[in-house]
Amino acid sequence: MNWLMALGRDQSWRSFAAAQASPPAGGLALDVAAGTADLSLALAHYEPTCRVVGVDLSPQMMSLGRRKVARAGLDESIILLPGDALQLPFAEATFDCVTSGFALRNVASIEQALTEMTRVVKPGGRVVCLELTTPRIPLIHQLHHIYCHWIIPLLGWIIAGLFDDYAYLPRSVDQFVSPEELKTMMEQVGLQQVRYTWLTWQAVAVHVGAKP
């Protein structure tokens, strides 16, 4: 469903986010709300010598993620642990980079999640957030609205037998902060040189900030 909803672009989005995080050779990366480990895998593929820690609240999703990691032969590079994005179980300045993919729309406090991500990254390290957005180009905006609010829930019902779960997705995107607002929030928690890049006709934004 993720691949289908993203029209096959989701892995390229994660690869771009991993490249923006730019984990160093032999470094240590953190993937917050890692889910089934797709972004963790992208980080490991970007820099094969780095180690990746993924944290998530869902044991079921982490179980699926561990299977993906094992199939990729990356058991030695990626470890998935239980952890709360609002209270990360790591010391300050532990990681060379920190990422989150499609997670901030689902946390109780975006500010607290960003504060924690900033806390655990080393000075000079990057915090990268990959999120769905609402396109502003008029025609694309209308097509995006129809696709997200009508076609995705229908696909969710046909393929996964879940209509309401996939109807929640576009609502959460509509209610999420704008790319400019997220940029401001990242600056407010202490990140510098914050910028964002739109991908796929503004359907996705990747934010990057550096810890001074």
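In what order do the 7 strands of the open sheet come, and is the pairing mixed? The order is β3-β2-β1-β4-β5-β7-β6, and the pairing is indeed mixed. Keep in mind that this is a predicted model: local features need pLDDT of at least 70, side-chain atom pairs count only at pLDDT 80 or more, and totals for chains, interfaces and linings use all residues. Residues are numbered from 1 along each chain as its sequence is written, and side-chain values use heavy atoms, with hydrogens and water left out.

**The sheet**
- The edge strands, each pairing on one side only, are β3 (78-82) and β6 (192-199); strands are DSSP runs of E, at least two residues, and helices are runs of H or I, at least four, numbered from the N terminus.
- Two strands count as paired if DSSP finds at least two bridges between them; β2 and β3 run parallel and are joined by 5 bridges.
- Aspartate 56 has proline 82 in β3 as its bridge partner.
- Helix α5 (residues 110-120) lies across β1 (28-32), β4 (95-101) and β5 (121-132), at about 145° to β5 (axes are lines fitted to C-alpha atoms, for helices over the stretch in contact, with angles from 0 to 180 degrees between N-to-C directions).

**Around valine 53**
- Valine 53 sits in strand β2 (residues 51-56) and counts as buried because its relative accessibility is 9% (buried is under 20%, exposed over 50%, partly exposed in between, with a 1.4 Å probe and protein chains only).
- Leaving aside neighbours within four places in sequence, valine 53 has contacts that include Leu28, Ile79, Phe90 and Phe95 (heavy atoms within 4.5 Å).
- Its C-alpha atom is 7.6 Å from that of leucine 28, 25 residues apart along the chain.

**Salt bridges**
- The whole structure has 7 of them, each a side-chain nitrogen of Lys or Arg within 4 Å of a carboxyl oxygen of Asp or Glu.
- Aspartate 38 pairs with lysine 68, with the closest N and O atoms 3.0 Å apart.
- Aspartate 38 is in helix α3 (residues 38-46) and lysine 68 in helix α4 (residues 59-71), so this pair ties together parts 30 residues apart in sequence.
- Glutamate 131 and arginine 105 meet at 3.2 Å, N to O, linking strand β5 to the loop between β4 and α5.
- Glutamate 131 is buried at 1% relative accessible area, and arginine 105 is buried too, at 12%.
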